[in-house]
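Reader: I've got this model open on my screen and I'd like to go slowly through one part of it. Could you walk me through it in plain words?

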Amino acid sequence: MNKGWGMVLAVLLLLAAGLGYYGWTSGAEAKSRPILLIPKTTDPRISFWQAMRQGAEAAAREYGVEVQMAGMAAETEIEGQIRLLEEAILRKPRAIILAAADSNRLLPVCTRIKEAGIPLITVDSGLSAEAAASLIATDNYAAGRQVGDAMGALLKPGAKVAVISFVKGSTPAVERERGVRDSLEEKGITVAQTLYTNAEEELAYRLTMELLQSAAARELDGFIGLNEPSTVGAARALKEGQPEGGRVPMVGFDSSMREIAFLEEGVLQAIVVQKPFNMGYLAVKTAVEASSGVAAAPWVDTGAVTVTRSTMFSKANQKLLFPFGSEAYGGLVGESRD
């Protein structure tokens, strides 16, 4: 038995024991069945997906529905995500909310979900065709431009930067880097190279440290991280591998307690923060509506905000960076409803 299939079986057995996944029956009324949330990874160390889960749970309480989450340990386990979806088709949940790990490879199984009459809502990352009722996500190109703009404010024309990306070929990674490059090109700044970390913090740390120790580092004037693990890993390397007075600037993506700490310390000069709580909340809301016959908006842009050391303590940004209190929940979700 290979590792990936064994992990899928482990997830499904866990669901069977603890969440009643195998208890669904094809004859049950659709509205009494749970909504299944499948993120790119259930890794508890990544704050983004935990915040999305919190948003989904808040919407589940508000709308009186059951939401079950299942997923793989890493974003690169695409075959495992496909198998989870194939199993879900057989169990016929009320709706499926999916953060697609690979928009092309997941398209066939997502087409079968649509053909089975199960509403499919994509969140964070969409598909390459119209297989889903709605996409709830950041405009990744626009967010990438925000990253480029933040870096451009720190460097002069002629500067060179390294991009620390995540899963090569994934739609968010491609769109964010495209936005970064377009913004920087307008400012006369060049992307010297892009490193891919598979959304693994330790790989981001190692690749960045190796780059810092190479001759190429002398030509680099800045670093850009394109998701949470890549930003944290690279920031760790910058903190350890460069003297404090000679550290080059870095702009990151997403937010976590460690990113916030790096921002306070000056290792990061800015972060572009998505709204994963809103994504989870609105995905469940949309899934409830779609499963009740209400037409869903094809795309809901949940937005992103650039936060710097000087702006991180504003009331709005504190709600964004620390969204786990009831007041913050109301504020963030309320913003998305406007």
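Reader: Let's zoom in on helix H9: which strands does H9 lie across, and at about what angle does H9 run to S10?

Author: Happy to, keeping in mind that this is a predicted model. Helix H9 covers residues 257–265 and lies across S9, S10 and S12. Against S10, which spans residues 270–273, the helix runs at about 150 degrees.

To place that helix, look at the sheet underneath. Those strands belong to an open sheet of six, ordered S7-S6-S8-S9-S10-S12, and the pairing in it is mixed. The edges are S7 (190–196) and S12 (305–308), each of which pairs on one side only. So H9 lies across S12, among others, and S12 is one of those edge strands. Ignoring direction, neighbouring strands here are turned by 20 degrees against each other on average.

Now slide over to another helix on this sheet. H6, residues 171–186, lies across S6, S7, S8 (222–225) and S9 (250–253). The angle between H6 and S7 is about 165 degrees. Notice that S9 turns up for H6 and again for H9.

Under H6, the strands S6 and S7 pair in the parallel sense, with six bridges between them. One of the spots to click on is valine 161, whose bridge partner in S7 is valine 191. As a general point, strands of a sheet pair through backbone hydrogen bonds, either parallel or antiparallel.

Stay on S6 (residues 160–165) and you'll find serine 165 in it. That serine is buried, with a relative accessible area of 0%. Leaving out residues up to four places away in sequence, serine 165 touches Ala173, Thr194, Leu195, Tyr196, Thr197, Leu226 and Ser230.

For contrast, there's another open sheet of six strands in the chain, in the order S2-S1-S3-S4-S5-S11, with parallel pairing. Its edges are S2 (67–69) and S11 (299–301); each has a single partner strand, so one side of each is left without a neighbour in the sheet. The twist there averages 20 degrees from one strand to the next. In that sheet S1 (residues 35–38) and S2 pair in the parallel sense over three bridges, and leucine 36 stands opposite glutamine 68 in S2.

Zooming back out, the chain has twelve helices and twelve strands, and 54% of its 338 residues are buried. Of the contacts between residues at least 6 apart in sequence, 74% join residues at least 24 apart.

Definitions and conventions
Residues are numbered from 1 along each chain as its sequence is written. This is a predicted model: local features need pLDDT of at least 70, side-chain atom pairs count only at pLDDT 80 or more; totals for chains, interfaces and linings use all residues. Side-chain values use heavy atoms; hydrogens and water are left out. Helices (H or I, at least four residues) and strands (E, at least two) are DSSP runs, numbered from the N terminus. Buried means under 20% relative accessible area, exposed over 50%, partly exposed in between (1.4 Å probe, protein chains only). Contact means heavy atoms within 4.5 Å. Two strands pair if DSSP finds at least two bridges between them. Axes are lines fitted to C-alpha atoms, for helices over the stretch in contact, and angles run from 0 to 180 degrees between N-to-C directions.
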